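Thank you all for making time this morning. I would like to walk you through one model, beginning with its pockets and then moving to the strands and helices around them.

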Amino acid sequence: MDDYDIITLDNGIRVIHKQVSNTKIVHCGFMLDIGSRDETSENQGIAHFWEHMAFKGTQKRKAFHILNRIDSVGGELNAYTTKEKIAFYASVLDSYFEKAVELLADITFDSIFPEKQIEKERNVILEEMAMYYDSPEDAIQDDFDTLVYGDHPLGMNILGTAESVKSFTRQDFKDFLEANLNTENLVFCSVGNIPLKKVERLANKYLSAVPRYSAARVRKPFVDYKPAEKVVYRNLTQAQCALGRPAYPIGHEKRLAFFMLVNILGGPGMNSRLNLALREKHGFVYSIDAGLQSYIDTGLFTVFFGTEPGQLERSIRLVKKELKRFAEKPLGVMQLHTAKEQLMGQLAMAEENNTSLMLMMAKSTLDKNYIESLEDVFANIRNITASDIQEIAIEMFDESLLSQLTFLPDN
């Protein structure tokens, strides 16, 4: 991507800005290369807990003042935690950009983790865990990570366990940050109709005083995958099923072609192969999705669906039949052309959302040290061949290497 600017401060923080016209809203935030995979079995869930605690008090603000500062001007303040990233971000009218930058810097670097707020937030997170557990469509995704990745940190639930969440103290948060925070591995990104000079001035005003953090964390690589099958009985009406296996990491040369293949198989389009086979033709499912999540050193290919228990085995056979079709027969000329056009359209629409664009720019900078333009991505998509797709299908859809997790009704 050529139309963005990047500034590196003396403390190592990179500031990325893309100026866009025809908008009164600016989207901005910090993204840190810290996530749940940087935890241990003893402190699992602490990255997500820290995300919550960032809003609960700083050196100069209590929780109410943090929440009210952006809400009171009609803006939105948000955050999330993934396996490899934590993000704190805001969307505001451009006239309140400075207010957003100052607040985001405050909660990111000056949280004090008040003991009373830790006690309150434990209950909030325990309720969040219960909510996900009560939603089998969500719970099976977390449990499938564990089935595939085993006792590796990527297999741990981002929310942690009830035992770990109940155990955290103020010192635990400080220790986790000390072990993982590196200012060269975090970025501040903004997208809006703001001149670069103003972004640079505010970065120097609010970010240059942040101390240089230099944690030398090394992530444990994932190795030794062994396919597994597991059946869990729960209080359900529908059966839930997850199929998948480890896949290509972010920088792998085959990742984009596989992403396109997964999109054809079970992407958001109603014309996906799995949707046509299981919903439109047989009426076995309400929804069925295939996805690819890529990390720095590995990835995860998944298929998720729910169905009436009596239709489960036939549904699984239909899914595997579709996987086998890609391996046995290359896409036709029109099929390949349509798949490329569909993916390029989806990516272009995603970039129209400036919040998503801002977060994508930040993540790409951390993961790749560059931001690829949409035109370059399109060029790479156009270069994908039918034989590329078939070779990847033969490799990734090998039935003997798929893991399977099933939730069945316990009555």
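What you have in front of you is a predicted model, and I will start with its largest pocket, which is lined by 34 residues, with Arg255, Phe259, Leu347, Met360 and Lys368 lying nearest its centre. The elements that contribute two or more residues to that lining are helix H9 (255-266), strand E9 (288-294), helix H12 (333-352), helix H13 (354-368), helix H14 (374-382) and helix H15 (386-396). Of these, H13 gives the most, with eight residues. The space in this pocket comes to about 1400 Å³, and its lining, sorted by class, has 15 nonpolar, nine polar and ten charged residues.

Let me turn to the second largest pocket, whose volume is about 770 Å³. Its lining is made of 27 residues, and those nearest its centre are Gln141, Asp145, Ile158, Gln293 and Tyr295. At least two lining residues come from each of strand E4 (76-81), helix H4 (115-133), helix H5 (136-149), E9 and strand E10 (299-307). Which element gives the most to this lining? That is E9, with six residues. By class, the lining of the second largest pocket divides into nine nonpolar, nine polar and nine charged residues.

E9 brings us to the sheet it belongs to, an open sheet of five strands in the order E7-E11-E8-E10-E9, with mixed pairing. The edges are formed by strand E7 (229-234) and E9, each of which pairs on one side only, and from one strand to the next the twist averages 15 degrees. E9 and E10 run antiparallel and are joined by seven bridges; if you would like a residue to look for there, Asp289 has Phe304 in E10 as its bridge partner.

Two helices deserve a moment in relation to these strands. H5, which we met in the lining of the second largest pocket, lies across E7, strand E8 (239-247), E10 and strand E11 (403-409), and runs at about 145 degrees to E11. Helix H11, residues 312-328, lies across E8, E9, E10 and E11, and its direction makes an angle of about 140 degrees with E10.

Now for another group of strands. Is strand E5, residues 86-93, mostly buried or exposed? Seven of its eight residues are buried, so E5 is largely enclosed by the rest of the structure. Strand E3, residues 25-32, pairs with E5 in the antiparallel sense over eight bridges, and within that pairing Leu32 has Ile86 as its partner in E5. E4, which also supplies residues to the lining of the second largest pocket, pairs with E5 in the antiparallel sense as well, here over six bridges, with Leu77 partnered by Ala90 in E5. E4 and E5 form a hairpin, and four residues lie between them.

I will finish with a single residue, Asn275, which is placed in helix H10, residues 273-280. Its relative accessibility is 6%, and because the cut-off for buried is under 20%, Asn275 counts as buried. Leaving aside residues up to four places away in sequence, Asn275 touches Met270, Glu280 and Ile288.

Technical notes. Residues are numbered from 1 along each chain as its sequence is written. This is a predicted model: local features need pLDDT of at least 70, side-chain atom pairs count only at pLDDT 80 or more; totals for chains, interfaces and linings use all residues. Side-chain values use heavy atoms; hydrogens and water are left out. On a 1 Å grid over the protein atoms alone, a cavity is a set of points where a 1.4 Å probe fits but cannot get out, and a pocket is an open set with protein on both sides within 12 Å along at least five of seven lines; lining residues have an atom within 4 Å of a point. Grid points are joined across faces, edges and corners, and a volume is the space filled by probe spheres set on the points. Ala, Val, Leu, Ile, Met, Phe, Trp, Tyr, Cys and Pro count as nonpolar, Asp, Glu, Lys and Arg as charged, and the others, Gly among them, as polar. Two strands pair if DSSP finds at least two bridges between them. Axes are lines fitted to C-alpha atoms, for helices over the stretch in contact, and angles run from 0 to 180 degrees between N-to-C directions. Contact means heavy atoms within 4.5 Å. Buried means under 20% relative accessible area, exposed over 50%, partly exposed in between (1.4 Å probe, protein chains only).
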